[in-house]
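Work through the exercises below with the model open. Each task is followed by a solution in steps.

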Amino acid sequence: GVHAHAGLGIGMFKSETLSDDKVGSVQLGLMPSYKLSENFSVFLDATGVMTISQDYGFDGLPINGSDNSAMMLTTRIGVAYSF
């Protein structure tokens with residue numbers, strides 16, 4: 001089977017030297033799985049995460065224009081056991 005998943009997120013950060021930063025994110029993913037037996041299955045999960053409107057970079061410098069959003073892909077392989 002194949003499962004699709006999506007989500008929205010927000011991160012709120014505080015700093016003693018910078019103004020507060022709020023970062024939004026959108027996540028979309030697919031997770032195909034293959035059933036090995038009645039209780040065991042293996043899966044591969046691939047999720048794209050797009051950050052939106054990040055005001056400061058990891059170096060603490062302001063980010064302006066189109067550089068304030070980024071896309072990353074996370075993947076994992078796993079084994080699931082059902083009770």
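**Exercise 1. Place phenylalanine 40 and classify its exposure.**

Step 1. Phenylalanine 40 is found in strand 3. The model is a predicted one.
Step 2. Its relative accessible area is 39%. Buried would need under 20%, exposed over 50%. Phenylalanine 40 is therefore partly exposed.
Step 3. Now take a distance along the chain and through space. Phenylalanine 40 and threonine 75 are 35 residues apart in sequence, and their C-alpha atoms are separated by 20 Å.

**Exercise 2. Which residues do ring pairs link into a cluster with Phe40? Classify the geometry of the pair formed by tyrosine 81 and phenylalanine 83.**

Step 1. Count the aromatic pairs: there are two.
Step 2. For tyrosine 81 and phenylalanine 83, the ring centres are 5.1 Å apart and the planes stand at 85°. Centres must lie within 6.5 Å to pair, and planes over 60 degrees apart count as edge-to-face. The pair is therefore edge-to-face.
Step 3. Ring pairs join Phe40, Tyr81 and Phe83 in a cluster.
Step 4. Add the exposure. Tyrosine 81 is partly exposed at 42% relative accessible area. Phenylalanine 83 reaches 94% and is exposed.

**Exercise 3. Trace the strand pairing from strand 1 to strand 4.**

Step 1. Start with strand 1, residues 2-13, and strand 2, residues 21-35. They run antiparallel and are joined by twelve bridges. Phenylalanine 13 faces aspartate 21 of strand 2 across this pairing.
Step 2. Move on to strand 3, residues 40-52. Strand 2 pairs with strand 3 over ten bridges, again in the antiparallel sense. Serine 25 stands opposite threonine 51 of strand 3. A hairpin of four residues makes the connection from strand 2 to strand 3.
Step 3. Finish with strand 4, residues 70-81. Twelve bridges pair strand 3 with strand 4, and the sense is antiparallel. Here serine 41 is opposite alanine 80 in strand 4.
Step 4. Keep one rule in mind when reading side chains off these strands. In a regular strand, side chains alternate between the two faces of the sheet.

**Exercise 4. How many salt bridges are there? Find the partners and say what the contact ties together.**

Step 1. Recall the principle. Side chains of opposite charge can pair when their charged atoms come close.
Step 2. The count is one salt bridge.
Step 3. The partners are aspartate 45 and arginine 76, with their closest N and O atoms 3.1 Å apart. The cut-off is 4 Å.
Step 4. Aspartate 45 belongs to strand 3 and arginine 76 to strand 4, so the pair ties together parts 31 residues apart in sequence.
Step 5. Check each side for exposure. Aspartate 45 is buried, at 6% relative accessible area. Arginine 76 is partly exposed, at 46%.

**Exercise 5. Describe the largest pocket: its volume and its lining.**

Step 1. Recall how empty space is found. Rolling a probe the size of a water molecule over the atoms shows where space is left.
Step 2. The largest pocket holds about 240 Å³ of space.
Step 3. Its lining has 15 residues. Those nearest its centre are Phe13, Asp21, Gln54, Tyr56 and Gly57.
Step 4. Sort the lining by type. Six residues are nonpolar, six are polar and three are charged.
Step 5. Return to the strands. Phe13 and Asp21, both in this lining, are also the residues that stand opposite each other between strand 1 and strand 2.

**Exercise 6. Compare sequence separation with spatial separation for serine 69 and for glycine 1.**

Step 1. Serine 69 sits in the loop between strand 3 and strand 4. It is partly exposed, with a relative accessible area of 29%.
Step 2. Serine 69 and glutamine 54 are 15 residues apart along the chain, while their C-alpha atoms are 6.3 Å apart.
Step 3. Glycine 1 belongs to the segment before strand 1. At 69% relative accessibility, glycine 1 is exposed.
Step 4. Glycine 1 and lysine 22 are 21 residues apart in sequence, and the C-alpha to C-alpha separation is 36 Å.

Note on methods
Residues numbered from 1 in each chain as written. Predicted model: local features only at pLDDT ≥ 70, side-chain atom pairs only at ≥ 80, totals over all residues. Heavy atoms only, no water. Phe/Tyr/Trp six-rings, centres within 6.5 Å; stacked < 30°, edge-to-face > 60°. Buried < 20%, exposed > 50% of the residue type's maximum accessible area, 1.4 Å probe, protein only. 1 Å grid on protein atoms, 1.4 Å probe; cavity = no way out; pocket = protein on both sides within 12 Å on 5 of 7 lines; lining within 4 Å. Points joined across faces, edges and corners; volume = space filled by probe spheres on them. Nonpolar A, V, L, I, M, F, W, Y, C, P; charged D, E, K, R; others polar. Pairing = 2+ DSSP bridges. Helix = DSSP H or I, 4+ residues; strand = E, 2+ residues; numbered from the N terminus. Salt bridge = Lys/Arg side-chain N within 4 Å of Asp/Glu carboxyl O.
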